[in-house]
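Open the model in your viewer and keep the selection panel at hand. The tour goes from one selection to the next and says what is found at each stop.

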Amino acid sequence: MTATVARQMIGAEFLKLRKKRGMVAWALVLAAGSMAIFISVKAIQHASNPVGYAPAGGTRGLASMLEMLGFFMVPLSAILIGAEAGAGDRAGGVFRDLVVTGRSRVALFLVRLPGALMLTFVVVGIAFGLAVAGTYLFASGAPTPDAALVAKAAAWVVLANGTLCIVAVGLASLVGSRPATITALIGWQLVASPVLLQSNSLGSVRQVLLDGAFSQIKPGVREGEPVIGMTIAAVVVSILAWTLIASLLGAWRTATQDA
Amino acid sequence: MNVIETEGLTKSFGERVAVDRVDLAVPSGCAFGFLGPNGAGKTTLIRMLLGLTHASHGSMSLLGLPVPQRRAEALRRVGAIVEQPGFHDHLSGRENLRVVAAARGPEARPRIGPALERVGLADRADERVKAYSLGMRQRLGVARCLLADPKLLILDEPTNGLDPGGILEFRLMIRDLVEQEGRTVFLSSHLLDEVEKTCDHAAIVDHGRIVTQGTIAELASDGRSELIVGCDDPSLALAVLDGFGGIRDARRSDEGLRLTLAPGRDGAAAVNSLLVEAGVSVHRLEPVRRSLEERFLEITTRLGVEA
């Protein structure tokens with residue numbers, strides 16, 4: 001596959017996703033909408049009771065917002081987009097028409113990844129932009145982050161959401177169903193993973209959890225130590241394992257299934 | 001040159017054999033009908049040819065290239081619609097073509113406009129496919145095939161669900177693709193009338209096996225030539241023709257006489273001459289035109305009896 005073909009195919013994937021208006025609207029609601037509500041509620045709380053509630057912005061406010069950006073509502077948009085990218089061709093009955101072009105099935109899978117990541121980063125970028133704006137607008141005299149911290153936060157948000165998006169693309173390609181993928185990953189992200197992370201009886205096994213890895217490298221102010229201690233090497237291995245395993249399973253299924 | 005060739009092609013799903021040792025040869029530059037009842041194995045064979053599913057046994061080639069070994073190369077000049085053409089309903093017709101053109105390669109993108117023009121969808125190309133009628137979706141499917149500048153188009157039941165006007169339009173388009181543009185069209189259908197009116201060649205398939213193949217005329221006649229003779233004295237005519245070597249069978253009918261001529265013989269003139277010389281007044285001498293439908297029913301009835 002030449003660079004031109006790859007570029008055109010990635011552009012086509014992006015086109016398919018960005019034109020899915022309902023899905024894009026929901027992704028924006030989950031990412032930017034939830035972030036706007038989060039900042040507004042914190043700002044109102046602080047305005048009504050400055051002693052009882054910290055400012056919505058500032059360095060500590062950014063740390064709270066990163067929880068939203070990396071663990072809770074915003075990653076759900078990455079899941080929506082990834083699931084659509086992974087299963088959309090099958091759902092539309094278009095997969096077989098792409099296969100009969102003679103293009104390799106692995107290539108058909110691989111271009112889904114950058115296509116989905118591009119849209120995820122646009123949506124998450126809007127939410128991150130709101131968070132950064134809120135950090136400075138609602139600091140109320142509290143210390144504000146420097147440019148280096150904002151840059152680290154941006155990189156972390158991109159990594160966390162990008163990883164989850166890739167996992168969603170791989171899983172959706174594997175199971176061939178958007179609803180099943182979205183349900184499974186939202187359940188995992190919002191319920192199973194946090195519960196498992198708090199289960200001390202699991203010990204170091206919890207290092208395989210993505211949330212554990214991302215907690216370890218989350219930039220900015222920390223409220224206490226991460227639940228599990230991980231080395232940087234363990235963090236890298238965990239993130240790589242999730243992305244590679246999901247991608248390999250998705251590629252395998254795309255290459256072997258009857259179209 | 002044959003654009004499709006299969007040899008002993010077989011596909012089994014567990015114990016059930018969907019395609020059974022099929023030997024098929026599709027000559028280039030024609031419309032070839034692949035005719036059979038629902039469930040006969042037509043779509044399964046097409047899916048194997050296109051690499052959508054694996055063959056259990058046998059070999060096949062597209063445009064002279066063995067598949068699946070050189071599948072990607074072969075499919076570069078093949079366009080196909082398998083069952084109903086699928087589209088992203090939220091995209092416009094033009095955008096749907098852009099998606100497939102991207103997979104086809106850079107040379108396909110400039111063909112989007114001409115392909116839409118060719119199928120008569122240029123005016124509606126920027127509307128979302130969700131708003132397209134079934135006929136428009138079928139035409140968009142053909143436009144998608146044309147992005148490959150195909151030597152071979154494989155169309156699986158392309159007229160399913162179309163109204164009579166849509167069927168006629170589709171038939172004319174297929175004939176144009178063959179006659180004006182020199183492409184080969186492989187058309188699977190369970191509609192006998194459709195194949196007879198659209199195609200030059202056909203194969204009849206049933207229970208996963210090719211029963212017979214050839215030109216439409218050959219298939220319809222089964223090599224037999226029949227003649228209706230109208231005359232003033234059928235009894236005398238039968239007696240005159242008794243023993244004439246150019247006739248395999250002769251019997252009385254409502255029209256007068258119905259003769260089955262011996263294979264390879266053009267006996268009409270000889271029959272006329274014999275009867276006139278014997279004093280029989282002949283007022284009608286008409287070859288019997290059998291339709292593919294009659295032949296198809298004959299074949300499937302026979303198969304039913306054998307089964």
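**Chain B: domains and two backbone details**

Begin with chain B of this predicted model. Its domain assignment gives domain 1, residues 2-217, and domain 2, residues 223-287. Colour the two separately: the C-alpha centres of domain 1 and domain 2 of chain B lie 45 Å apart.

Next, a word on the backbone. Most residues other than glycine have a negative phi, and most peptide bonds are trans. Two places in chain B are worth selecting with that in mind.

Select B:Arg21, which is found in strand E2 (residues 16-27) of chain B. Phi of B:Arg21 is near 45°, a positive value in a residue that is not glycine.

Then select B:Val67 and B:Pro68. The peptide bond joining them is cis, with omega about 15°. B:Pro68 sits in the loop between strand E5 (65-67) and helix H2 (71-75) of chain B.

**Where the chains touch**

Show both chains. The contact takes 23 residues from chain A and 27 residues from chain B. On the side of chain A that touches chain B, helix H1 (3-18) and helix H5 (95-99) of chain A each supply at least two residues. H1(A) gives the most, with eight residues. By class, this side of chain A has nine nonpolar, seven polar and seven charged residues.

**Chain A as a whole**

Hide chain B. Chain A has eleven helices and zero strands. Its C-alpha trace spans about 65 × 40 × 30 Å along the principal axes. The radius of gyration of chain A is 19 Å, which agrees with the value near 18 Å for a compact globule of 259 residues.

**Helix H7 of chain A and three partners**

Select helix H7 (residues 112-137) of chain A and keep it shown for the remaining stops.

Add helix H8 (residues 147-175) of chain A. The axes of H7(A) and H8(A) come within 9 Å and cross at roughly 140°, and the two helices are therefore oblique to each other. Their crossing is right-handed. Among the contact residues are A:Leu117, A:Phe121 and A:Phe128 in H7(A), and A:Val150, A:Cys165 and A:Ile166 in H8(A). By class, this contact has 14 nonpolar, three polar and one charged residues.

Swap H8(A) for helix H2 (residues 21-48) of chain A. How are H2(A) and H7(A) oriented to each other? Their axes come within 8 Å and cross at roughly 10°, so H2(A) and H7(A) are roughly parallel. The contact is made by residues including A:Leu28, A:Met35 and A:Ile39 of H2(A), and A:Val123, A:Ile126 and A:Leu130 of H7(A). By class, the contact of H2(A) with H7(A) has 13 nonpolar, one polar and no charged residues.

Last, show helix H3 (residues 58-70) of chain A beside H7(A). Here the axes come within 9 Å and cross at roughly 160°, which makes H3(A) roughly antiparallel to H7(A). H3(A) passes H7(A) in a right-handed crossing. A:Gly58, A:Gly61, A:Leu62, A:Met65 and A:Leu69 in H3(A) meet A:Ala127, A:Phe128, A:Ala131, A:Gly134 and A:Thr135 in H7(A). The contact of H3(A) with H7(A) has six nonpolar, four polar and no charged residues by class.

Terms used
Residues numbered from 1 in each chain as written. Chains lettered and ligands numbered in written order. Predicted model: local features only at pLDDT ≥ 70, side-chain atom pairs only at ≥ 80, totals over all residues. Axes fitted to C-alpha atoms, helices over the stretch in contact; angles between N-to-C directions. Helix = DSSP H or I, 4+ residues; strand = E, 2+ residues; numbered from the N terminus. Parallel < 35°, antiparallel > 145°, perpendicular 65-115°, else oblique. Left-handed = near helix turned anticlockwise from the far one by under 90°. Contact = placed C-beta atoms within 7 Å. Nonpolar A, V, L, I, M, F, W, Y, C, P; charged D, E, K, R; others polar. Domains from an automatic or database assignment. Rg over C-alpha atoms; globule rule 2.2 N^0.38 Å.
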